[in-house]
Amino acid sequence: MKILIADKFEAAGIEGLKKLGADVVCEPELQDETLTRRVADFAPAILIVRSTKVKADTLAASPSLKLVIRAGSGYDTIDVANATQRGIKVSNCPGMNAVAVAELVFGLLLAADRRIPDNVADLRAHRWNKKEYSKARGLKDTTLGIVGVGRIGTEVAKRALAFDMHVRYYDILPDLRPVDHPDCRPAGLDEIFQTCDYITLHVPGTGDTRHLVNAARLALLQPHAVLVNTSRASVIDEAALVVALKEKRLRAACVDVYENEPAADAKTITSPLADLPNVYGTHHIGASTDQAQSAVAEETVRIVAEFQQTGKVRNCVNP
Ligand code: NAD
């Protein structure tokens, strides 16, 4: 079985795939036309990607292609509708990076409350400003609103309760109960925006969630509120967020994902969010811990092994 990996991938994962007897090629620099040409030449049965986009041309490049695996959880970078039309299965590795993203959310919440990045920037410039940075509220007894309580949202809820925060959550599936705790309760989406001190987004990037956070919803926020987005950029109307941040209608935004996000190997970012002092932004690193990447690689090997042995596709998103 031929497998093409068109992204960086854990060495242990490549070894695991080879142990299954597969002919494995890992070429992380492939994208767009080069990826399409390589799929046509090599004729893999399985294509494995992380952030590399898989478009219709690539899916059409070889009739050998049976399965595309997204070595991560979100699969909005793959043209799933086109894959379905062609009978190509698509699967992902849900939950393997949930803890890593939840940990980043808490890094961002604490960074915003204590203004840790500003502290560090001043310290590196040999400026001392204890008076200014001594003003912080603390997370205890504040309310965290979680939008989307799937795998990541649930890990965030658990950690918020450990920080003695009150948790309110909204999910399109009304019966989801992320944690059995009296202070972890469902709430309406607008109610979360109106009442929570911190709001964190954990929904997938789909047509339904596009601009879920628009100008009208941003207008509901309290001026001290902090909005965290480690899900997908499309979930927020970024232009409306920039206006709201400039007008100080919220205290800060913590973001890991951006509209027109640069490629993984790019050296600059042009996002308007990068110009704002009340944005604490990271470089789309939510899933990028060794622990998460090892777990994703192991799950990818499990998907391939099961497919090889039974023809069934574990975590298939287009059954
Ligand atoms: P998940 O599928 O386990 O959970 C998503 C939840 O969102 C589900 O409970 C679902 O019912 C809910 N949902 C869907 N549409 C909704 C809507 N319109 N309104 C309210 N709730 C809705 O996914 P997950 O593993 O928790 O990941 C969530 C997202 O996080 C992924 O889709 C991905 O885009 C993003 N992510 C980002 C990084 C990163 O590096 N920053 C890493 C991993 C995942």
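This report covers the ligand site and the internal cavity of a predicted model.

**Ligand surroundings**

The ligand has 25 residues around it, and those that come nearest are R151, I152, D171, T230 and D256. Sorted by class, the shell around the ligand holds ten nonpolar, eleven polar and four charged residues.

Polar contacts of the ligand include those in the table below, which involve T230, H284 and A287.

| Ligand atom | Protein partner | Distance |
|---|---|---|
| nitrogen | T230, polar backbone atom | 2.9 Å |
| oxygen | H284, N or O atom in the side chain | 3.3 Å |
| oxygen | A287, backbone N or O atom | 3.3 Å |

The protein buries 88% of the 860 Å² that the ligand exposes when taken alone. T230 thus appears twice in this account: T230 is one of the residues that come nearest to the ligand, and a polar backbone atom of T230 is 2.9 Å from a ligand nitrogen atom. For H284, the ligand partner is an oxygen atom and the protein atom belongs to the side chain. For A287, the ligand partner is an oxygen atom and the protein atom belongs to the backbone.

**Internal cavity**

The count of cavities of 30 Å³ or more comes to one. The volume of the largest cavity is about 50 Å³. Its lining is formed by N229, A233, I236, E238, L241, V255, V257 and L273. By class, the lining of the largest cavity divides into six nonpolar residues, one polar residue and one charged residue.

Conventions
Residues are numbered from 1 along each chain as its sequence is written. This is a predicted model: local features need pLDDT of at least 70, side-chain atom pairs count only at pLDDT 80 or more; totals for chains, interfaces and linings use all residues. Side-chain values use heavy atoms; hydrogens and water are left out. On a 1 Å grid over the protein atoms alone, a cavity is a set of points where a 1.4 Å probe fits but cannot get out, and a pocket is an open set with protein on both sides within 12 Å along at least five of seven lines; lining residues have an atom within 4 Å of a point. Grid points are joined across faces, edges and corners, and a volume is the space filled by probe spheres set on the points. Ala, Val, Leu, Ile, Met, Phe, Trp, Tyr, Cys and Pro count as nonpolar, Asp, Glu, Lys and Arg as charged, and the others, Gly among them, as polar. A residue is near a molecule or strand if one of its heavy atoms lies within 4 Å of it. A polar contact is a pair of N or O atoms within 3.5 Å; within protein, one must be able to donate a hydrogen and the other to accept it, and residues adjacent in sequence count only if both atoms are side-chain atoms. Accessible areas come from the Shrake-Rupley method with a 1.4 Å probe; for residues, only the protein chains shown count as cover.
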